[in-house]
Every structure is written in C-alpha cells, then in structure tokens.
Amino acid sequence: MLRTFRLGGIHPPENKLSAEQPIRELPLPREVIIPIGQHIGAPAVPTVQKGDLVKVGTVIAKTGGFISANIHSSVTGKVTKIDSFFDAGGYKRPAIVISVSTEEEEWEEGIDRSPDLIKACSLEPREIIERISAAGIVGLGGATFPTHVKLSPPPGAKAEVLIVNAVECEPYLTSDHALMLSKGEEILVGVEILKRALGVSRAVIGIENNKKDAILYLSQLAMDYEGTEVLPLKVQYPQGGEKQLIDAVLRKQIKSGALPISAGAVVQNVGTVFAVYEAVQKRKPLVERITTVTGKHLETPSNFRARIGTPIGHLITASGGLPEDTGKIIGGGPMMGKALLSTEVPVTKGTSGILILPREESTRRPMRNCIRCAKCVSVCPMGLNPAFLMRDVQYADWEATEKGYIVDCIECGSCSYTCPSNRPLLDFIRTGKQKVSAIIRARKS
Ligand code: SF4
Ligand code: SF4
C-alpha cells in the first residue's frame with residue numbers, strides 16, 4: 001500500500017488539464033514588473049535607478065537582511081521606473097519596471113546557457129550555499145523561503161535526509177510534473193548538490209501516484225545516484241505541506257512550532273532543486289520559472305517557461321485569451337491560491353500557476369449555521385478544530401484562538417472545502433492567524 005500522511009486530508013477532483021503538455025517557451029513581453037519582495041523575509045534593496053541599462057542576470061536588488069534574497073533582471077532593457085504595484089496578495093508593493101530591448105538579448109557574463117548537462121560538483125558546502133544565495137533562489141513551491149537560509153541549519157541541529165517535494169498535490173497545477181519529465185537528469189544532479197551542501201547521504205523524492213510517468217523516469221535515473229530513491233505516494237491533499245510530507249516519508253510528526261530539521265529533514269521543492277542545479281553548475285540566477293496556466297474553459301491549458309516579472313495577461317493571451325465566462329483569476333491552485341485583482345500582476349518566483357475559474361465555479365454558496373458535524377475537524381491535517389477557531393475569531397477571543405493553535409494552520413483550505421454548511425472557515429482562520437501572530441511577535445519583543 002502506498003504511503004501518505006496520517007492525519008486528515010482530502011481528495012478533491014484533480015483536474016490536471018495541462019498534464020500532457022510539454023513546457024512551452026513564451027515570447028518576451030514589452031516590459032516586466034519585478035517586485036523587490038518576492039520571498040519570505042526582508043524585501044531586497046534596489047541597486048538600480050531609472051534609466052539604467054540591464055542585461056539578463058544583472059542584480060537589480062540585493063538582499064535586505066539575513067532572511068532575504070537577491071533579485072535579478074529577467075530581460076535585457078532599460079529601467080523605466082521604481083514604483084508600487086499590486087502583487088498576487090492584493091497589496092501594493094515596490095517593484096522595478098524594465099522595458100524590454102528590441103535588440104538581441106544580452107546575458108550577464110559567466111552564465112552558461114548551453115543545454116549541456118554538468119554532473120560533477122566538487123565545491124565545498126559553503127561555496128554551494130554562496131552560489132545559491134547569489135542566484136536569489138527561493139522555495140519555488142509557493143513558500144518562497146530563501147533556500148540558502150534553509151540549507152544553514154541552526155546550531156545544534158543536524159540534517160540527516162533531504163526530502164524532495166515533487167508531490168504537486170494542488171488540483172490543476174502541473175508545472176512540477178512537466179519539469180520532472182523534461183529536466184530529470186538536472187534534477188538528480190541538483191539533488192546530489194543539495195546532499196553535498198547538507199552533508200547527508202540520503203535523499204527521498206516524494207511523488208504522488210497520479211504522475212506515474214515521472215515516477216518511472218526519475219526512478220530509472222536515480223539508479224545511477226547512490227542514496228537517492230523515488231518514493232511513490234498515495235494521492236492525498238495537502239501532502240505538499242512540509243509536515244505532511246515528512247510524516248508520509250519518514251513516519252515522523254513535527255511538534256507544534258518546531259521546524260522540519262527537528263526530525264533531521266530538510267525539504268526542498270523539485271522546482272527549487274532544478275534552480276539549484278542551474279545556479280551552481282551554470283551560474284544562472286533565478287530569472288524564469290515554469291508556470292501552469294489552466295482552466296476548464298481556457299483554449300490551451302499550458303505549462304510555460306516564463307520570465308519573472310511577465311504580466312500574467314501575457315501568459316493568458318498565449319493560452320488562447322480569457323474565456324468569456326471568466327469569474328475569477330486565481331494565482332496558484334484552487335485550494336491555496338488567491339484571487340488576483342488584474343491581469344497586470346506579474347509572474348514572481350512563487351507563481352506556480354494561474355487558474356481561470358468560470359463564473360459558475362467562482363460564486364460562493366450561501367453560508368448556513370454550523371451543524372456540528374465535525375467534518376472540518378476530521379479533515380484538518382494539523383489536528384485543529386476549524387469550527388471552534390472560526391467562532392473564536394468571530395468573537396475576537398484571541399486567547400482562546402491562540403490556545404487552539406491557530407498559528408499551526410497551514411491554510412490548506414481542506415476545512416472550508418469539506419464543510420456542508422459552506423462556512424468560510426479558512427477566511428476567518430487566516431485573519432485570526434495574522435492577528436495572533438502579531439500578538440505573539442509583540443509579546444516576544
Ligand atoms: S486550513 Fe488550517 S484549519 Fe483548515 S484544514 Fe487546513 S490546516 Fe486545518
Ligand atoms: S464542517 Fe462545517 S458544519 Fe461541520 S462542524 Fe465544521 S464548521 Fe460546522
């Protein structure tokens with residue numbers, strides 16, 4: 001029997017409409033909008049000004065603290081402004097706008113753009129982490145935590161195993177699947193590099209069993225890499241959550257507030273592993289990523305290689321344009337994604353997908369009273385009581401909310417999805433989590 005995590009979970013319709021689609025190259029847009037805060041932590045600090053000429057790979061903003069990441073230009077062109085723009089979360093944030101040159105594209109010196117596979121890596125762990133940091137690599141599964149920080153465990157903690165998150169449990173999304181089929185060798189080399197950086201000899205690549213071709217392909221490749229195995233997993237949402245994946249792979253549960261390293265594990269998304277390969281072996285910064293554009297009424301659901309900063313409207317046009325009955329445009333998948341305010345929102349390092357929902361699927365059904373069925377409790381993968389948490393947030397009872405472990409919520413949306421009374425549990429829990437996190441931060445400081 002295939003493994004999965006042991007607490008809660010659901011199985012929504014998969015709708016992987018673009019699963020058979022290879023990665024498509026996208027024509028360059030006329031301009032890119034590159035936010036300086038595309039990661040968890042401090043925003044980067046701009047190093048360019050209006051009028052500056054940049055190449056692909058030029059650093060345009062440098063890390064703004066220990067937990068932060070460099071930002072590079074994804075195009076050749078001219079900086080036209082530094083201003084605030086709406087991001088995927090609906091907030092206005094500073095971004096650098098670059099108009100794309102019509103001349104031939106120039107890349108920064110030292111970036112190897114050849115398709116040749118480079119297997120050998122004799123760098124010291126410190127040098128690997130420096131290259132990853134310089135390239136601005138962050139978690140590409142959506143968490144966007146700076147990768148170089150994750151590879152530097154706190155004093156006293158020791159990594160024992162690298163877990164590669166190739167689960168892609170969100171319905172509709174297929175960017176990781178497409179990447180595994182097209183860049184399997186590079187991913188395996190990336191795994192070796194990360195093992196070296198962490199000083200571990202074991203790696204497990206966890207893939208859900210709805211991607212049998214990727215399981216087969218990577219399993220065959222992994223035979224040449226000692227200590228690396230591919231583990232097929234039962235399809236179960238939200239297995240892509242770090243704690244859920246660690247439980248599925250290692251049969252270890254992480255305590256409330258503890259980090260994966262407490263179980264000896266470091267988890268990296270498969271897209272991040274590929275980006276690490278490119279950063280270390282090719283000196284290529286994170287200037288593009290694979291993004292799924294999908295929806296039931298979209299002409300051509302696709303997986304694109306998109307430059308960071310490309311307005312999402314550009315990707316939607318290349319997929320056949322917005323269907324007439326569009327109700328919502330979601331940044332990410334249907335479970336954890338957020339509705340976008342406009343098609344001007346740019347692709348960022350964390351944009352794994354764009355989902356176009358038709359009108360009939362975008363309207364919420366009317367909320368009814370809680371019938372105490374406890375379905376939300378039984379599906380919560382963190383062992384929380386979403387019904388009580390929503391009630392406590394409604395009454396602004398922050399003490400009870402904190403005692404209910406609201407900060408452990410991974411915002412997977414399983415509770416809202418399951419509730420027969422259509423109660424917007426996650427909306428309330430998300431608001432309460434922000435409030436309680438602020439209270440805890442204030443108390444600590
Ligand atoms: S959104 Fe939070 S409370 Fe709801 S099921 Fe997921 S982890 Fe549990
Ligand atoms: S699933 Fe909905 S109706 Fe059932 S207990 Fe939870 S909040 Fe109440």
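Reader: What makes strand E10 and strand E11 a pair?
Author: Six bridges join E10 (residues 202-208) to E11, and the two run parallel. Two strands pair if DSSP finds at least two bridges between them, so six is enough for E10 and E11. One case: Ala203 has Thr228 of E11 as its bridge partner. Strands here are DSSP runs of E, at least two residues, and helices are runs of H or I, at least four, numbered from the N terminus.

Mind you, this is a predicted model: local features need pLDDT of at least 70, side-chain atom pairs need 80 or more, and totals for chains, interfaces and linings use all residues. Residues count from 1 along each chain as written, chains are lettered from A and ligands numbered from 1 in written order, and side-chain values use heavy atoms, without hydrogens or water.

Reader: Why are E11 and E12 called edge strands?
Author: The open sheet has four strands in the order E11-E10-E9-E12, paired parallel. E11 (228-233) and E12 (265-269) each have a single partner strand, so one side of each lacks a neighbour in the sheet.

Reader: What makes the void lined by Leu140 and Phe274 a cavity?
Author: A cavity is a set of points on a 1 Å grid over the protein atoms alone where a 1.4 Å probe fits but cannot get out. This one is the largest, at about 200 Å³, the volume being the space filled by probe spheres set on points joined across faces, edges and corners. Its lining has 17 residues, meaning those with an atom within 4 Å of a point. Helix H7 (270-282) gives the largest share, four residues.

Methods:
On a 1 Å grid over the protein atoms alone, a cavity is a set of points where a 1.4 Å probe fits but cannot get out, and a pocket is an open set with protein on both sides within 12 Å along at least five of seven lines; lining residues have an atom within 4 Å of a point.
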